[in-house]
Amino acid sequence: MAMDAHYLVDASDAGCRLDAYLGSQDGMPSRSACARLIEGGSVALNGETVLSKKESVQAGDRISVELPDEPEPGVVAGEPIPLDIRYEDDHLIVLSKQRGLVCHPAHGHDSGTLANALVYRCGIEHLGTLQGEDRPGIVHRLDRDTSGLMLAAKDDDTQRALQDLIRLRTLDRRYIALCHGYIAHDAGTINTGIARSTRDRVKMAVTDDPFARQAITTFKVLERFEATRGNDGYTLVECHLYTGRTHQIRVHMRHIAHPLVGDPLYGKGSDRANYGLQRQFLHSWRVKFAHPVTGEEIECFDELPWDLAAVLDELAPTSLGRTEAGERIVPMLGLLED
C-alpha cells in the first residue's frame, strides 16, 4: 500500500525548488528520487498535481506526496503475460487491461504485473521510466480489478506529454459503472477533495482536509433498472474522469450514496444484490486524445468483459428504459440486444 507524506512550507524555505525542498525533508528519499516522484505525478502542490521539479515553493504551500511501497526499487524483469493491444506505434501503446492484473510491482505483487508484461514486449530501454524503473511505461493506473483501456509510453518524452494531458484534463477517459440505487438526474458533477481515510488506511475518502487533492468526476445516466426483492434498483452510468485520484470513481459514487455493484471496499449489499460479482463493476471503455508526437486524434473503444456483460444481461428484464446517452452508448458495449 502506498503511503502519503504531507508538508507545510515554512517561510525559511520560500523560493526553494520543489525537488530540493522535498529531498531535504525527513522521511523523503534522495533529491533525484524526489524529482522522479514529481515527474511521475505523485506530488500535489496545494491540491493540484505538479509535474515540474523546478517549481518554486512559497511559504504556506501545502505539499502532498504519494510515496511508493518500496523506495528505490530494482529493475523490473520481463514476463510473458498476454497483452490486449488496441493501438501501438513507436511512441505509445493503448491496451485493454484484464481484471486481476496489477499495474506495477508493489508490496505483495513483486511480479506478474502490467509493467512486467510491457518490459517483456518492448524492453525496458524502450519504455518511459519517469516514474522510476519499477514503473516502466506506466502513464496512469487502473485498480487491480478494474478492467479496460489504459495508456503506456515508450519513452520519457511521450510519458511526460501524456501525463501533461491528464494534468491539463485533455485526455478524455470514460468509464462504465453499475451503481446501486436509482439516480434521478440524467447527469451530474462530483467535485470534492480526496485523501487517504484516517479510519482505514486501505481506503480513500472524500474530505475537506487542506492536504486533500481535488477530484472531479462527471457522470451520465445510461439506463435505470427497477428495484426488486433484495435490492433497491440499479443505475448504469458513464463516468468521465477529469482528475485521476486513487479509487476516484468508487469513492465519488459512494459519496453520493450510489456505490458500485460488487465493490469490496466501498460497496454494499449481499452477494445476491451484487449479482455474484467479486469485483467492482467498473470498466474503462473509451479513451480519446491528441497524439503527443503526430497530433493525430486517437480514439479507442472497449466492450464490456464477459462478467460485467452477464450482469447487465440478467438485469435486462427489469430495465426502466435508456436515456438518450444510453441509446447511443449501450449498443457499443457488446451486450446481447433483442
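Start at Val237. In this predicted model, Val237 touches Tyr175, Ile176, Ala177, Cys179 and Ile183. Val237 also touches Phe219, Lys220, Val221 and Leu222. Residues up to four places away in sequence are left out of that list.

Val237 belongs to the largest nonpolar core, a set of 32 residues. Four of them touch the most other members: Leu114, Leu118, Val237 and Met253. Which elements each supply at least two residues of this core? Among the strands they are E6 (92–97), E7 (147–153), E8 (172–180), E11 (213–225) and E12 (234–241). The helices are H3 (114–122) and H5 (248–255). Helix H3 gives the largest share, six residues. Apart from this core lies another, of 22 residues. Its members include Leu178, Ala273, Ala309 and Ile329.

Now step back to the whole protein chain. It has seven helices and 15 strands. The radius of gyration is 20 Å, close to the 20 Å that the globule rule gives for 338 residues, so the chain is as compact as a globular protein of that length. Its C-alpha atoms fill a box of roughly 65 × 40 × 40 Å along the principal axes.

How are the contacts spread along the sequence? Take those with a separation of 6 or more: 67% join residues 24 or more positions apart. Buried residues make up 53% of the 338.

Last comes the surface. The protein chain exposes about 14900 Å². Carbon and sulfur atoms supply 48% of that area. The chain carries 37 positive and 51 negative charges, and the mean positions of the two sets are 3 Å apart.

Conventions. Residues numbered from 1 in each chain as written. Predicted model: local features only at pLDDT ≥ 70, side-chain atom pairs only at ≥ 80, totals over all residues. Heavy atoms only, no water. Helix = DSSP H or I, 4+ residues; strand = E, 2+ residues; numbered from the N terminus. Rg over C-alpha atoms; globule rule 2.2 N^0.38 Å. Buried < 20%, exposed > 50% of the residue type's maximum accessible area, 1.4 Å probe, protein only. Contact = heavy atoms within 4.5 Å. Areas by Shrake-Rupley, 256 points an atom, 1.4 Å probe, with all protein chains shown as cover. Lys, Arg positive; Asp, Glu negative; His and termini not counted. Charge placed at Lys NZ, Arg CZ, Asp CG, Glu CD. Core = buried A, V, L, I, M, F, W, Y, C linked by side-chain atoms within 4.5 Å.
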